[in-house]
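Hello,

Here is the structure I promised to pass on. Have a look at it first, and my notes follow below.

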Amino acid sequence: MTTMTNSNVSSTLYRGRWVWMRFNAYLGAALGIAAMAIYGANGYEENAFLYQILSMKGVLWGGSGALTGCAFAAVASAIKPNLLDAKMARNITPWLDGFILMVILAAIWARFEPAQEAISYDDQSNLFAGRVIMAMNVTFIFSAVAYIAYLFAPETFIGRVATATAYIGVYLGGSALLLRWHESYLFDMNIGHAPVSNLYEVFILLFCITAAVYLALEKRYQAKAMGAFVMTLVSAGVFFGIWLDSVGQGEIKPLVPALQSYWMKIHVPMNFVGYGSFAVACGAGMAYLVRHRLEAKGSNSKMLAIFPTLEQLDLLAYKAVAIGFPAFTLATILGAAWAAEAWGGYWSWDPKETWALIVWLVYGAYLHARVSHGWHGKALAWWAVAGFLVTVFCFLGVNMYLSGLHSYGRLS
Amino acid sequence: MPRMQSFPDLIKSIWQRLGSMSLAIVLLVVLSIASVIGTVLLQNQAQADYLQQFGPLWYWVFRSLGLFDMYHTWWFMGMLAFLMVSLASCLWRNVPKMLKEMRQRKATIPEKALKRFQYLHRWQASEDAAALQQRLQARLPGWEFRTVEQDGVHYLRADKGRWNKWGYILVHSAILVILVGGWIGANYGFRGTMAVPEGSMENEISFSEGTETGNLTMPFYVRCNSFFIDFFPTGAPKEFRSNLTIIDHGKEVLTKDIIVNEPLYYKGVRIYQASFGDGGSEITFKLYHLDGSGKITEATTHVYDGWKDPKSGLDIRVTDFKPYNVENMADPGKPTDFKDLGPAVEYELRYPGFKPVKIKAFMNPFTDPEGHNQGSFIMLSFTGDKADYKPIPLGLDLTNPVEWKLFHAFMHHLSDANQGKKKQDKAQARAANLAAFRAAMVEVFGADRQKWPADFQQMAMRTLQAVNVLSGLPWPMLPMLGDFKQHYYTGLQLAKDPGMNVVWFGSAMLVIGLCIMFYMPHRKLWLIVRESEGGSDVALAGMVTRNPLVFSKFFNDLFTQFKNDDAPQSS
Ligand code: HEM
């Protein structure tokens, strides 16, 4: 792998000592903040965690963590020089860099907020995050169109535009969410909470993660044609998000007591890493089915030239599941840990939990089917698509249909 | 016909089948389909609801299949047990093989086997075996190497991620561990709820056991000293907090606040804030007699209790009391506007000869957004269902005794004026109303207009409204909320789960195992050098368990660079 990145111009930042140090600094900073939340005096206040991180205290804890991380990195690499080639550091650091960029963007957006007097809980339409989210919506839809255009007119330029807009969409969405976190405090410190508390917010998270996972795969495996499928899925989600907003689901609302927990901040995003990866796997599965069809018809469409081969698409779907499955497993376990702390039992067979289990079993079966003989590409591609439908039901259907029955259908 | 197998052979072949991959796939799919049933069919509801929903036939079919408590039925448990057996079988079969494979790393490869390698390059090099081997090792930091020489051929084997199969072992045994943990919890743990009114103590929990309710006595008492609710500015609840004291063998051992997400731990039992409700608040009703007498009497009772008027047979059962009633007062489609309507009591009202109704009576009159007093009001439901509540403005502000007096004075003057007259047109009726109201005002406030209240015109409107509403009520008196002394109960969940740590241990194994399995593929490389006169015949062969896309690129890059390094010297 060392040998792979030689051609890349901007690669110095992502090689050797630089990336190794930065990786450990980020890790140290994250651990420092976690340590503050756990051990610091009043280190974790549900209603003010964002500002605790941004306060002097947070800077001290996070900064010492980062310094410790750097020191550790220096010592460790002196003892074992080949740590400088650590694959993990190289693969994960770009994501963390991207996150820092999002924070910076959010800080810039925050300058455009209306004056404090103009902010009211009852009318949230003048908040800036809403505008950034609208920009994200447009960008993602544009990106999907560009990816589709690329299929029919495989010009490098169109492909570049498609990829670039997908990146821009991710940064807009991510920074808008961070900004929303800040905005939730503007009404009243008591209302503030992390932006992963309702369907609208997690939808934005889902778009960004799906696009980001896809972009990572695109970069590594040159699988651009798949983008048409993944970004179309994202765009479908964007329209749903716009609808949610139009019916008033996009508003910032205070958190019910059950959700006031730091577990939410790790459980929910982790879950959406799983969902997003499964969406990408679904995109790969769809691309597989389309190519399979084209090939079966003996078509010599220009499209085939840019499509990854069937074998590659099969592997891409697998790769996406390989990202999603461990993340989803971890997320489910974190959810269980939270349930154990909030409700007294790690597993109660409530519909959401059970559907998470179902999703997990479906992808577990998918993984086994891949290893075992007798299951081939097309069936597995269908499985990847069907698996995502199950996933969608798990995070949408259960909320809208099953627990809906649960919480409103019954009268006492 | 298949040949008869001997019994041990049969067992053996079944055992082998149990560990097969196809069975694993079938099991996982069947388990997931079965799980769906329990999410579509609401679990552990009242049996009467099921009976009503499905009718007697399906009710009994579903009930005998245990579908109302599906995840605890013998057949669902059986499936989980079957999964465990299957896992045990596949571990049994594969682990020894894998351990052996991980330990011994065969460096030599017969020429015939080499031809079948998917990743293979052969070329001629000028260097000797030792130099080539050294150069490859330098290119592969972090890899493990073994060299062997056999029949004049130099073999170098390089491994990365040699322990990948541990991933498989960890993941599959983790499922076993988690299921065992769950089994321990189900058999040696408990989980139930208790409701403790403020100031009382309790030591018994109750839980649902399939279709029944079970009880269990704790080895200690829990006393609820107090319960608080804190609200957001929007009126949504922000925090539920109980102050609890644990009393063990008559001694107070521990006092602590608990909130949602922050339980209390004592003697292996965790105590969670789960719910809350009215713990029997003391309610004083003001009974407004509707017989025209203008009497107001009082009756005191408690929530979950009631009061009966011996004379008329009017019967009140108090079902709930809430000190805050936050409602969205905005019109549909407008921005939300939450407002606290103040304390309210809910009761069922029975009166001989009339259908029982459910009433929510508010203590305070309703003030509209412009600040006008719109008078007292109740919510009325004829079905007893909360969804059917309809607001009934009563017109009068009943908290103001003067208005009650004014209302009666008005009624008297009106009936006096109406006596003897048969038919009136609208204008006449209005004039009569006005005259009666003036007379009533004079009676209550005196003839001096200066002393009348400033909003007497609104009062007139409300009094007119009250005439229509109050005289339409069929009961002899209207019970309104007069006063209250609030008591909450706190709803606690108590749980003990000795298997929980086993589950966490298994979960950690699962996640670590998955990471090893997916992210540390076992990559193998062989460098095979046959030295000859002019240089060496070299073969570079590779093998990988996972992610061939990346590996093939890696392999080809490695080959190109490794060979090119050599090129200047060989030319
Ligand atoms: C809930 C239960 C299970 C989970 C989560 C699970 C998980 C996995 C995963 C993630 C893989 C890796 C697939 C891949 O290579 O991409 C795997 C492989 C495998 N599983 Fe399972 N598994 C489960 C149950 C079973 C059962 C019941 C059996 C046997 C009856 C089984 C037999 C195998 C075998 C033989 C492999 C291939 C190992 C190899 O050679 O790489 N698994 N399992």
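The ligand site is shared between chains, because residues from both A and B surround the ligand. This is a predicted model, in which local features need pLDDT of at least 70, side-chain atom pairs count only at pLDDT 80 or more, and totals for chains, interfaces and linings use all residues. Residues are numbered from 1 along each chain as its sequence is written, chains are lettered from A and ligands numbered from 1 in the order written, and side-chain values use heavy atoms, with hydrogens and water left out.

The shell around the ligand (residues with a heavy atom within 4 Å of it) holds 25 residues, of which A:Tyr318, A:His368, B:Ser86, B:His172 and B:Arg546 come nearest. Helix 12 (351–371) of chain A supplies at least two shell residues, as does each of helices 2 (21–40), 4 (74–103), 7 (164–188) and 11 (500–519) of chain B. Helices here are DSSP runs of H or I, at least four residues, numbered from the N terminus.

Two histidines may catch your eye: a polar side-chain atom of A:His368 lies 2.6 Å from a ligand nitrogen, and one of B:His172 lies 2.7 Å from a ligand nitrogen. In the side chain of B:Lys165, an N or O atom is 3.5 Å from a ligand oxygen.

Another histidine, B:His154, is found in strand 3 (residues 153–160) of chain B. B:His154 is buried (under 20% relative accessible area, 1.4 Å probe, protein chains only), at 17%.

Best wishes

Note on methods. Polar contact = N/O pair within 3.5 Å; in protein donor to acceptor, adjacent residues only side chain to side chain. Buried < 20%, exposed > 50% of the residue type's maximum accessible area, 1.4 Å probe, protein only.
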